[in-house]
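Here is a short report for a first look at a protein model. Keep the sequence and the structure side by side as you read.

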Amino acid sequence: MRNAVIGIVMGLVFALPAAARDGAEIETVIRRQMDAFLSGDVSTAYTFASPGIQQLFETPETFGRMVEEGYPMVWHPEDVRFGALSEDETGEIWQRVYVRDAAGATHALDYRMEQIEGVWRISGVKMAPAPDPAV
């Protein structure tokens, strides 16, 4: 029993650095895409999207229009903070992001992330339930 507990604890300890590294890499991808939107560089922002998203929107310009119209808080965020990184029952990885818009409202968004050839890409974004006012 003791050896089993030690094995579980050691497994968790060694898994933490990989999860922390992935979390930092995922945050970097999301931040770099938002920075590209802020600077008006839709072509660079498009490179952070997964191939499936790129195929769906076909061009950086179409993709940029969708973000500008559908996610204005992402297009020009005033503040960005990261919440929990989680994995759902299907194995998809989700990063919760809190974005404050120009009017001061905070929005919660869930970014679906996909690792392609060792590189994290954004494969979808959906609005999450309203964030706690303290966030």
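How do the residues of the lining of the largest pocket divide into nonpolar, polar and charged? They split into 12 nonpolar, three polar and no charged residues. Keep in mind that this model is predicted.

**The chain as a whole**

The protein chain holds five helices and four strands. Read from the N terminus, the order of elements is α-α-α-α-α-β-β-β-β. The chain has 135 residues, and 35% of them count as buried. Contacts between residues at least 6 apart in sequence were also examined; 41% of these join residues at least 24 apart.

**The largest pocket**

The volume of the largest pocket is about 180 Å³. Its lining consists of 15 residues. Phe 63, Met 66, Ile 122, Gly 124 and Val 125 lie nearest the centre of the pocket. Four elements each give two or more residues to this lining: α1, α3, α4 and β4. Strand β4 supplies the largest share, four residues.

The table gives the residue ranges of these lining elements.

| Element | Residues |
|---|---|
| α1 | 2-38 |
| α3 | 51-57 |
| α4 | 60-70 |
| β4 | 119-127 |

**The hairpin of β1 and β2**

Now turn to the strands. β1 covers residues 79-87, and β2 covers residues 93-100. The two run antiparallel and are joined by seven bridges. Within this pairing, Phe 82 of β1 stands opposite Val 97 in β2. Five residues lie between the strands of the hairpin. There, Gly 91 takes a positive phi near 95 degrees.

**Asp 110 in β3**

Strand β3 spans residues 106-116, and Asp 110 sits in it. Is Asp 110 buried or exposed? Its relative accessible area is 11%, and buried means under 20%, so Asp 110 is buried.

Which side chain does the side chain of Asp 110 join in a polar contact of 2.5 Å? The partner is Arg 96. Arg 96 falls within the range of β2, residues 93-100.

Setting aside neighbours within four places in sequence, Asp 110 is in contact with Trp 94, Gln 95, Arg 96, Gly 124, Val 125, Lys 126 and Ala 128. Two of these names, Gly 124 and Val 125, have already come up: they are among the residues nearest the centre of the largest pocket. Asp 110 thus touches residues that line the pocket.

Methods:
Residues numbered from 1 in each chain as written. Predicted model: local features only at pLDDT ≥ 70, side-chain atom pairs only at ≥ 80, totals over all residues. Heavy atoms only, no water. Pairing = 2+ DSSP bridges. Buried < 20%, exposed > 50% of the residue type's maximum accessible area, 1.4 Å probe, protein only. Polar contact = N/O pair within 3.5 Å; in protein donor to acceptor, adjacent residues only side chain to side chain. Contact = heavy atoms within 4.5 Å. 1 Å grid on protein atoms, 1.4 Å probe; cavity = no way out; pocket = protein on both sides within 12 Å on 5 of 7 lines; lining within 4 Å. Points joined across faces, edges and corners; volume = space filled by probe spheres on them. Nonpolar A, V, L, I, M, F, W, Y, C, P; charged D, E, K, R; others polar.
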